[in-house]
Amino acid sequence: MAERFAPGQRVRVRVLDAAGHTRAPHYVRGHAGTVVAVHGHHRLPDDVVAGAADPRVEAVYAVRFAAASLWGSGEHSVTVNLWDSYLSGAESSHV
Amino acid sequence: MRLNDVGGIEGFGPVAVADDAQPFHADWEAHVYAVNVALLRRGVYALDEFRDAIERMPPKDYLDASYYARWWYAIRRLLREKGVLDDAEVAAGG
C-alpha cells in the first residue's frame with residue numbers, strides 16, 4: 001500500500017471538529033509539521049469506534065512540530081502519530 | 001473536542017514525573033489492568049473502543065477519577081454496552 005507522504009515532507013493537519021473519538025489532538029489541528037517516519041498501516045480509530053463495518057486502513061505518520069509553532073515559544077519539538085485522514089496535504093518546504 | 005484532549009491547557013499544575021518504579025499502588029489497580037488485558041485479548045472490545053469509553057465519562061467524574069478508576073469505569077460501561085453484563089450484575093460487582 002503506497003503512502004501519500006514520505007519522511008522530510010511538510011504536511012498540514014486538517015482543522016477537524018471530531019464529535020467522537022479521534023487520535024488527532026486539538027493542539028496540532030491546522031498546524032504544519034514535518035513527516036519524520038511512517039509507522040505502517042493501521043485501522044482508523046475514528047472508524048473503529050464509530051462501528052464501521054469496514055474501517056479504513058491508513059498509513060500512520062510520525063509528524064514533528066516545532067513547539068514554538070504550537071505554543072508560541074519553546075526550542076523543543078513535539079512529535080505526534082497521525083493517520084492519513086488527519087492530514088490535508090503537502091506544504092511548501094519552508095521550516 | 002473532548003475533555004481528555006487537554007494538551008496545552010494551563011491550570012492543572014505540574015506533571016508528576018517522579019518514578020517510584022511501582023506499576024500499581026493498590027491491588028485493585030492490578031486487577032483492573034488484568035481484566036482489561038483479558039477482555040481485549042478475548043476481543044470483547046477493541047483498544048480504540050476502550051479509549052473512547054474513557055473519553056465518554058461525565059466530565060466531572062473524569063476530572064475527579066484516578067488513572068485506573070477511569071479504566072474501571074470504561075470496562076464496566078463497555079461490558080454493559082456489549083451485553084456481557086446487565087445493570088444488576090455490574091452493580092453487584094461493585
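This is a short tour of a two-chain structure, one selection at a time. Keep in mind as you click around that the model is predicted.

**Stop 1: chain A as a whole**

Select chain A and switch on the cartoon view. You should find two helices and five strands. Walk along the sequence and they turn up in the pattern β-β-α-β-α-β-β. Now turn the chain around: its C-alpha atoms fill a box of roughly 45 × 30 × 20 Å, taken along the principal axes. How does the radius of gyration of chain A fit with that of a compact globule? A compact globule of 95 residues would have a value near 12 Å, and chain A has 13 Å, so the two agree.

If you colour by burial, 25% of the 95 residues of chain A count as buried. Contacts are worth a look too. Take those in chain A with a separation of 6 or more: 57% of them link residues 24 or more positions apart.

**Stop 2: the sheet in chain A**

Hide everything except the strands of chain A. Which order do the five strands take in the sheet? Reading across, it goes β4-β3-β2-β1-β5, and this is an open sheet with antiparallel pairing. The edges are β4 and β5 (87–90) of chain A, each of which pairs on one side only. Look at the sheet end-on to see the twist, which averages 35° from one strand to the next. A general point before you zoom in: strands of a sheet pair through backbone hydrogen bonds, either parallel or antiparallel.

**Stop 3: three strand pairs, step by step**

Start with β1 (residues 10–13) of chain A. Strand β1(A) pairs with β2(A) in the antiparallel sense, over three bridges. To pin down the spot, select Val11(A), which stands opposite Gly33(A) in β2(A).

Next, show β2 (residues 32–43) and β3 (residues 57–66) of chain A together. These two run antiparallel and are joined by seven bridges. Pick Val35(A) here, and you'll find Val63(A) of β3(A) opposite.

Then move over to β4 (residues 77–83) of chain A. Strands β3(A) and β4(A) are also an antiparallel pair, with seven bridges. For a landmark, select Ala62(A): its bridge partner in β4(A) is Asn81(A).

**Stop 4: where the chains meet**

Bring chain B back into view. The contact between the chains takes ten residues from chain A and ten residues from chain B. On the chain A side, α1 (45–49) and α2 (67–71) each supply at least two residues. Which of these elements gives the largest share of that side? Helix α1(A) does, with three residues. As for character, the chain A side divides into seven nonpolar residues, three polar and no charged.

**Stop 5: chain B as a whole**

Now hide chain A. Chain B has five helices and zero strands, which reads along the sequence as α-α-α-α-α. Its C-alpha atoms fill a box of roughly 40 × 35 × 25 Å along the principal axes. Of the 94 residues in chain B, 14% are buried. Among contacts in chain B with a separation of 6 or more, 56% involve residues 24 or more positions apart.

**Stop 6: two helices that cross**

Two packed helices are described by the angle between their axes and the distance between the axes. Try this on α2 (residues 47–55) and α4 (residues 67–81) of chain B: their axes come within 8 Å and cross at roughly 110°. Are α2(B) and α4(B) roughly parallel or roughly perpendicular to each other? That crossing angle makes α2(B) and α4(B) roughly perpendicular. Show side chains to see who takes part:

- From α2(B): Glu49(B), Phe50(B), Ala53(B) and Ile54(B).
- From α4(B): Arg70(B), Ala74(B), Arg77(B) and Leu78(B).

Sorted by type, the residues of this contact are five nonpolar, no polar and three charged.

**Stop 7: two alanines to finish**

Select Ala21(B), in the segment before α1 (27–41) of chain B. Most residues other than glycine have a negative phi. Ala21(B), however, has a positive phi, near 65°. Is Ala21(B) buried or exposed? Ala21(B) counts as exposed, because there are 4 C-beta neighbours inside 10 Å.

Last, go to Ala91(B) in helix α5 (residues 87–92) of chain B. Ala91(B) has 10 C-beta neighbours inside 10 Å, so this residue counts as exposed. Draw a distance line from Ala91(B) to Arg80(B), eleven residues away along the chain: their C-alpha atoms are separated by 11 Å.

Conventions: Residues are numbered from 1 along each chain as its sequence is written. Chains are lettered from A and ligands numbered from 1 in the order in which they are written. This is a predicted model: local features need pLDDT of at least 70, side-chain atom pairs count only at pLDDT 80 or more; totals for chains, interfaces and linings use all residues. Axes are lines fitted to C-alpha atoms, for helices over the stretch in contact, and angles run from 0 to 180 degrees between N-to-C directions. Helices (H or I, at least four residues) and strands (E, at least two) are DSSP runs, numbered from the N terminus. Angles under 35 degrees count as roughly parallel, over 145 as roughly antiparallel, 65 to 115 as roughly perpendicular and the rest as oblique. Two residues are in contact if their C-beta atoms, placed from the backbone, lie within 7 Å. Ala, Val, Leu, Ile, Met, Phe, Trp, Tyr, Cys and Pro count as nonpolar, Asp, Glu, Lys and Arg as charged, and the others, Gly among them, as polar. Two strands pair if DSSP finds at least two bridges between them. A residue is buried if 20 or more other C-beta atoms lie within 10 Å of its own, exposed if 12 or fewer, and partly exposed in between; C-beta atoms are placed from the backbone. The radius of gyration is taken over C-alpha atoms; the globule rule is 2.2 Å times the number of residues to the power 0.38.
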